[in-house]
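Trainee: Please give me a close look at how the helices pack in this one. Cover the loops and the odd backbone spots around them too, if you can.

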Amino acid sequence: MGVGPYYAMFPMKFAFDIVQQYSQPGEWILDPFAGRASSVYAAAAQERHGLGIEINPVGWLYGRVKLRPASKADVLRRVDEIAEQAASFADEAENLPEFFHWCFGEKALQFLLSARYNLCWKNRIADATLMTIILIDLHGRLGDSFSNQMRQSKAMSPEYSVRWWKERDLHAPDIEPTEFLRAKLEWRYARKPHKYSKSRVILGDSTTQLKKLKKQHRGRFSLLLTSPPYYEVTNYHYDQWLRLWMLGESSYPNFSDKGTWQKKFESRTRYRQLLTTVFDDSKHLLSEEATIYIRTDKRKFTHETTLEVMQDIFPSKRINEIPRPLLKPSQTALYGDKSPKPGEVDIILTSS
């Protein structure tokens, strides 16, 4: 079951290829920066056991549902139940900031508020699956999402969005939420999704969660496949502010109310600290012969820092690098930065 867009996500074919090349069926794969859990899914789909950790609840939810979606019947039942309560949120919808009234039609906004308050997406798989379907198309192309015209991968700021819509006389679409979601569900369940019981994604911070895994999983993993956040590229939580609002967070984006590892990485010291802590804790979970496969930014600081950290933590490993030049405009072009980019690089550590 494919899921939605997420900044800096692994291409699915890449994840499948690396898992197949560097591991065997029955082995365990670790991803401490799981994102939407493409690596974990690739492991599970190829008879391995994947374990990921993701700090952003949007990515975590995508990964959880991708591994174990609810039945279509259960999700459709929840759609109807949420719709039945939607009208009771009319007053709350009316009191939301201007942005929401330009972004969403009246019926859609009431339904979204009903889902926001009534879906137990952390604990119930039918609710998690429905919330994931909502998040995927919460914003995007006009006519194909709940929202007025907006990028699907990133929610722009409220002020910018309202000004942009007003200048073009673009109004929120009049969407009937239950019909919209039923069509989306029919399309997504046209091919019956699989369920993978052992593979999972943990919602949390790898700098603390990895330590909790040492006793049960010490020496278990034969492959670490991940892509850490890149230095000074974007604020991963700010980019998803509207989806995070849907999950119960603030109705306005905020750069400063997140934890140390949930902001844009602008401190070189803290960036190095993050990589050192996560990979040093990961080391205890890996077998002696494990392969470490990291995709990172080719820009000087990110690349050199990642390489230095890996050399310090895994001094006995042999390191190989594979340049990955960009074949199309990078995602940073979405943010107005259209300057040439050096691309990415894969850093591969294997036993000598």
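Mentor: Start with the contacts, where contact means heavy atoms within 4.5 Å. Of the contacts in the protein chain with a separation of 6 or more, 79% are between residues 24 or more positions apart. This is a predicted model, so local features need pLDDT of at least 70 and side-chain atom pairs count only at pLDDT 80 or more, while totals for chains, interfaces and linings use all residues. Numbering runs from 1 along each chain as its sequence is written, and side-chain values use heavy atoms, with hydrogens and water left out.

The protein chain has 15 helices and 7 strands; these are DSSP runs numbered from the N terminus, helices being H or I with at least four residues and strands E with at least two. Of its 352 residues, 56% are buried, where buried means under 20% relative accessible area, exposed over 50% and partly exposed in between, with a 1.4 Å probe and protein chains only.

Now the packing. Two packed helices are described by the angle between their axes and the distance between the axes. Here the axes are lines fitted to C-alpha atoms, for helices over the stretch in contact, and angles between N-to-C directions run from 0 to 180 degrees. I'd anchor the picture on α10, residues 177–188.

Take α4 (residues 72–85) as one partner: its axis is 10 Å from that of α10, at an angle of about 170°. The pair is therefore roughly antiparallel; the convention is under 35 degrees for roughly parallel, over 145 for roughly antiparallel, 65 to 115 for roughly perpendicular and oblique for the rest. On the α4 side you have Lys72, Val75, Leu76, Val79, Asp80 and Ala83, and across from them Thr178, Leu181, Arg182, Leu185 and Glu186 of α10. By class, that contact has 6 nonpolar, 1 polar and 4 charged residues. Ala, Val, Leu, Ile, Met, Phe, Trp, Tyr, Cys and Pro count as nonpolar, Asp, Glu, Lys and Arg as charged, and the others, Gly among them, as polar.

Then there's α8 (residues 125–136), whose axis comes within 11 Å of the α10 axis and crosses at roughly 105°. So α8 is roughly perpendicular to α10. Leu130, Ile133, Ile134 and Ile136 from α8 meet Leu181, Lys184, Leu185 and Arg188 from α10. This contact splits into 6 nonpolar, no polar and 2 charged residues.

Follow the chain past α8 and you reach the loop between α8 and α9 (158–167), home of asparagine 148. With 0% relative accessibility, asparagine 148 counts as buried. Beyond four places in sequence, asparagine 148 is in contact with Trp102, Cys103, Gly140, Leu142, Trp165, Leu170, His171, Ala172 and Pro173.

Lysine 154 is in the loop between α8 and α9 as well, and its 6% relative accessibility puts it in the buried class. Its side chain makes a polar contact of 3.2 Å with that of aspartate 239. A polar contact is a pair of N or O atoms within 3.5 Å; within protein, one must be able to donate a hydrogen and the other to accept it, and residues adjacent in sequence count only if both atoms are side-chain atoms. The C-alpha atoms of lysine 154 and arginine 243 are 9.4 Å apart, for residues 89 positions apart along the chain.

For a backbone oddity, go to aspartate 169, in the loop between α9 and α10. Most residues other than glycine have a negative phi, and most peptide bonds are trans. Aspartate 169 has a positive phi of about 55°, and at 54% relative accessibility it counts as exposed. Glutamate 47 has a positive phi too, near 65°; it sits in the loop between α2 (38–45) and β2 (49–54) and is exposed at 59%.

Last, a covered helix: α3 (residues 57–67) has 11 of its 11 residues buried, among them Trp60, Arg64 and Lys66. At its start, a side-chain oxygen of asparagine 56 comes within 2.9 Å of the backbone nitrogen of valine 58.
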